[in-house]
Amino acid sequence: MTQLKSVQEKIRLVNMLRLLKKSYTYEELSKITGLPITVLNRYVRGKVLPSTERTRALIELLSPYIDLRAEVRKRLKFDSRGFFDTMAVLSDTSLMTLLSEELASKLSPLNPDKILTAATDGIPFAVHVGRQLGVDVVYAKKKKEVGVEKFYEVSYVPSASGSVTTLYLPSWALSKGDRVLIVDDVVRSGETQRALLELVLQAGAKPVGMLFLVSVGDTARKFGEEHGIPVESVITLER
């Protein structure tokens with residue numbers, strides 16, 4: 001094992017412990033791991049990193065206690081009308097790091113050159129995934145920024161409103177032939193994601209896959225069938 005791989009595994013363990021600490025007390029974690037509370041506290045705080053051997057043993061021991069998709073569901077905040085907010089998921093850095101590591105292992109065969117998302121809620125998820133894949137993240141905005149001369153742009157009418165929305169992407173963000181992975185936090189009706197696909201095509205780039213944190217209904221599946229690309233959703237909610 002390379003030194004880098006060893007450090008990455010230790011950081012993964014720290015994130016696992018930090019995530020578990022939100023559901024378990026130090027006393028409970030001590031009983032599970034057989035380690036003193038003081039040692040666990042140092043690991044969680046990042047003051048000390050365990051040996052490579054202990055790291056491997058603890059990852060194997062703790063993995064059954066972590067269900068990342070259940071953690072995502074648990075953090076979604078629903079209102080009385082059934083609408084939900086993903087901020088509690090996107091703001092949990094330990095959860096997002098562990099989740100993006102898992103997703104990156106599935107998506108790496110797509111060999112993307114860029115990740116494309118839409119401002120603003122899609123950005124945190126896209127950045128976490130981009131970091132794990134080692135690729136740059138670009139994003140489309142609903143307004144033109146001063147200092148950018150040329151844009152790709154797409155207009156559409158979101159089903160939840162009666163107004164026209166336009167997405168703008170600087171022309172330098174994507175190059176002809178780029179392999180593009182589209183990432184977004186939520187897909188409902190799919191208008192925004194179709195606009196992102198159109199931006200990819202305008203740039204002469206190639207969409208190679210789509211990734212969503214939450215898919216509502218079967219929209220994500222239909223994207224895969226329509227465009228013949230892999231589509232991954234962390235969780236799917238019924239309409």
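**Close-up 1. E71 in helix α5 of the predicted model.** Let's begin with E71, which sits in helix α5, the stretch made of residues 68-75. Its relative accessible area is 10%, below the 20% cut-off, so E71 counts as buried. Setting aside residues within four places of it in sequence, E71 has L19, S23 and L95 as its contacts. Two of these names, L19 and L95, return in the next view, where L19 belongs to α1 and L95 to α7.

**Close-up 2. Helices α1 and α7 where they cross.** Here is a pair of helices to look at together: α1 covers residues 3-20 and α7 covers residues 93-107. Their axes come within 9 Å of each other and cross at roughly 130°. That angle makes α1 oblique to α7. The handedness of the α1 and α7 crossing is left-handed. On the α1 side, the contact is formed by R12, N15, M16, R18 and L19, and these meet S94, L95, T97, L98 and E101 of α7. By character, the residues of this contact split into 4 nonpolar, 3 polar and 3 charged.

**Close-up 3. The buried residues of helix α2.** Helix α2 spans residues 26-33, and Y26, L29, S30 and T33 are buried in it. Looking down the α2 axis, the buried residues fall within an arc of 105°, so they line one face of the helix. A handy reminder for this view: an α-helix has 3.6 residues a turn, so residues three or four places apart point the same way. The partners against which the buried residues of α2 pack are α1, α3 (37-45) and α4 (52-62). Just after α2 comes G34, with a positive phi near 80°.

**Close-up 4. Y43 and its surroundings in helix α3.** Y43 is a residue of helix α3. With a relative accessibility of 5%, Y43 counts as buried. Beyond its neighbours within four places in sequence, the contacts of Y43 are V14, L17, L35, V48, L49, P50, R54 and L58. For a sense of scale, V72 is 29 residues from Y43 along the chain, and their C-alpha atoms are 24 Å apart.

**Close-up 5. Two backbone details, at N111 and at the A119 to T120 bond.** If you like to check torsions, N111 is worth a look: its phi is positive, about 50°, although N111 is not a glycine. N111 is found in the loop between α7 and β3. The peptide bond that joins A119 and T120 is cis, with omega about 10°. T120 itself lies in the loop that runs between β3 (114-118) and α8 (122-133).

**Close-up 6. Loop residues D79 and K142.** D79 has its place in the loop between β1 (77-78) and β2 (84-85). At 32% relative accessibility, D79 counts as partly exposed. The C-alpha atoms of D79 and V208 are separated by 35 Å, with the two positions 129 residues apart along the chain. K142 lies in another loop, the one between β4 (136-140) and β5 (151-156). Its relative accessibility is 58%, so K142 counts as exposed. Even so, K142 is in contact with T165, T166, L167 and Y168, leaving aside neighbours within four places in sequence. From K142 to V154, 12 residues apart along the chain, the C-alpha separation is 9.9 Å.

Notes
Residues are numbered from 1 along each chain as its sequence is written. This is a predicted model: local features need pLDDT of at least 70, side-chain atom pairs count only at pLDDT 80 or more; totals for chains, interfaces and linings use all residues. Side-chain values use heavy atoms; hydrogens and water are left out. Axes are lines fitted to C-alpha atoms, for helices over the stretch in contact, and angles run from 0 to 180 degrees between N-to-C directions. Helices (H or I, at least four residues) and strands (E, at least two) are DSSP runs, numbered from the N terminus. Angles under 35 degrees count as roughly parallel, over 145 as roughly antiparallel, 65 to 115 as roughly perpendicular and the rest as oblique. A crossing is left-handed if the near helix is turned anticlockwise from the far one by less than a right angle, and right-handed if clockwise. Contact means heavy atoms within 4.5 Å. Ala, Val, Leu, Ile, Met, Phe, Trp, Tyr, Cys and Pro count as nonpolar, Asp, Glu, Lys and Arg as charged, and the others, Gly among them, as polar. Buried means under 20% relative accessible area, exposed over 50%, partly exposed in between (1.4 Å probe, protein chains only). The arc is that of the directions from the helix axis to the C-beta atoms.
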